[in-house]
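Work through the following exercises with the sequence and the model open beside you. Try each task before you read its solution.

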Amino acid sequence: MLYKDIITQIESLDTATISEERKLIVSPLIDFIKSKKEAEEDIRINFICTHNSRRSHLSQVWAQTIAAYFNIKNVFCYSGGTEATALFPMAAKALLTSGFKIETISNEKNPVYSIKNGDNNHPIIGFSKKYDDSFNPTSKFAAILTCSSADQGCPFIAGAEKRIPITYEDPKAFDNTPQQEEKYLERSIQIATELYFVFSKIN
């Protein structure tokens, strides 16, 4: 069971804000999930960005959570970068605002977070890593490129059954500005809305 605040946030998402162009962009991901579900296979999705610090984590957490909301089984979401840095605190704060509970497990240069979407649900482990890190799957997964530089920089991703660019504007552009918190939440909600649309097409 998801936390009540997360359910409220999910049920407030407005898929009418998604353009027809964006619906076409996410359609290969819908096809991938459907094919795996119909074959009764595990659904593995690795969200990849350059630094694995913002958009890829937001996508991983929302995809895992919205799959649970729609009761779609055997969905395993991951994230990675073309390099490892650290999960940016404002991305974590955007998730907190939507009702997730986040604990810091390790407070090193690259902190490790436990991100929970429900009391009895397995936490999502959030930390920055390369997309081919041993934490991530090596085969039978969809690689979702969430930023244009990763899309251009990774023409080939070993082990990926499908490579799908679903890119988002980087909220990093608003770091250290008065709009920073607002823009991170805005990007988080955009990602959640599009993933809600994706998973709503599966059942």
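**Exercise 1. Find how β3 is joined to β4, and describe their pairing.**

Solution. Begin with the connection: a hairpin leads from β3 to β4 through five residues. Strands, like helices, are DSSP runs numbered from the N terminus, with at least two residues (E) for a strand and at least four (H or I) for a helix. Next, look at the pairing, for which DSSP must find at least two bridges between two strands; strand β3 (residues 101–106) and strand β4 (residues 112–116) pair in the antiparallel sense over five bridges. Finally, pick out one bridge, in which I102 has I115 of β4 as its partner.

Before going on, note that this is a predicted model, in which local features need pLDDT of at least 70 and side-chain atom pairs count only at pLDDT 80 or more, while totals for chains, interfaces and linings use all residues. Residues are numbered from 1 along each chain as its sequence is written, and side-chain values use heavy atoms, with hydrogens and water left out.

**Exercise 2. Compare the span of α3 with its expected value, and decide whether the helix is mostly covered or uncovered.**

Solution. The expected span of a helix is 1.5 Å times one less than its number of residues. The 15 residues of α3 should therefore span 21 Å, and this agrees with the end C-alpha atoms, which are 21 Å apart. For the second part, use the term buried, which means under 20% relative accessible area, with exposed meaning over 50% and partly exposed in between (1.4 Å probe, protein chains only). By this rule 12 of the 15 residues of α3 are buried, and the helix is mostly covered; among the buried ones are L58, W62 and I66. After α3 comes N71, whose phi is positive, near 60°.

**Exercise 3. Describe the surroundings of A67 and of Q180.**

Solution. Take A67 first, which is found in helix α3. A67 counts as buried because its relative accessibility is 0%. Contact means heavy atoms within 4.5 Å, and, not counting residues up to four places away in sequence, A67 touches I72, V75 and F199.

Turn now to Q180, which is found in helix α6 (residues 180–200). Q180 also counts as buried, because its relative accessibility is 14%. Leaving aside neighbours within four places in sequence, Q180 is in contact with F88, M90, F174 and D175. One of these, M90, is 90 residues from Q180 along the chain, yet the two C-alpha atoms are separated by 8.1 Å.

**Exercise 4. Describe the largest pocket and the largest cavity, with their linings.**

Solution. On a 1 Å grid over the protein atoms alone, a cavity is a set of points where a 1.4 Å probe fits but cannot get out, whereas a pocket is an open set with protein on both sides within 12 Å along at least five of seven lines; lining residues have an atom within 4 Å of a point.

The largest pocket holds about 330 Å³ of space, and 14 residues line it, with Q64, C77, H122, P123 and I124 nearest its centre. The largest share of this lining, four residues, comes from β2. The lining of the pocket has nine nonpolar, five polar and no charged residues.

The structure holds one cavity of 30 Å³ or more, and the largest cavity has about 50 Å³ of space. Its lining includes F47, S59 and Y168.

Notes. Grid points are joined across faces, edges and corners, and a volume is the space filled by probe spheres set on the points. Ala, Val, Leu, Ile, Met, Phe, Trp, Tyr, Cys and Pro count as nonpolar, Asp, Glu, Lys and Arg as charged, and the others, Gly among them, as polar.
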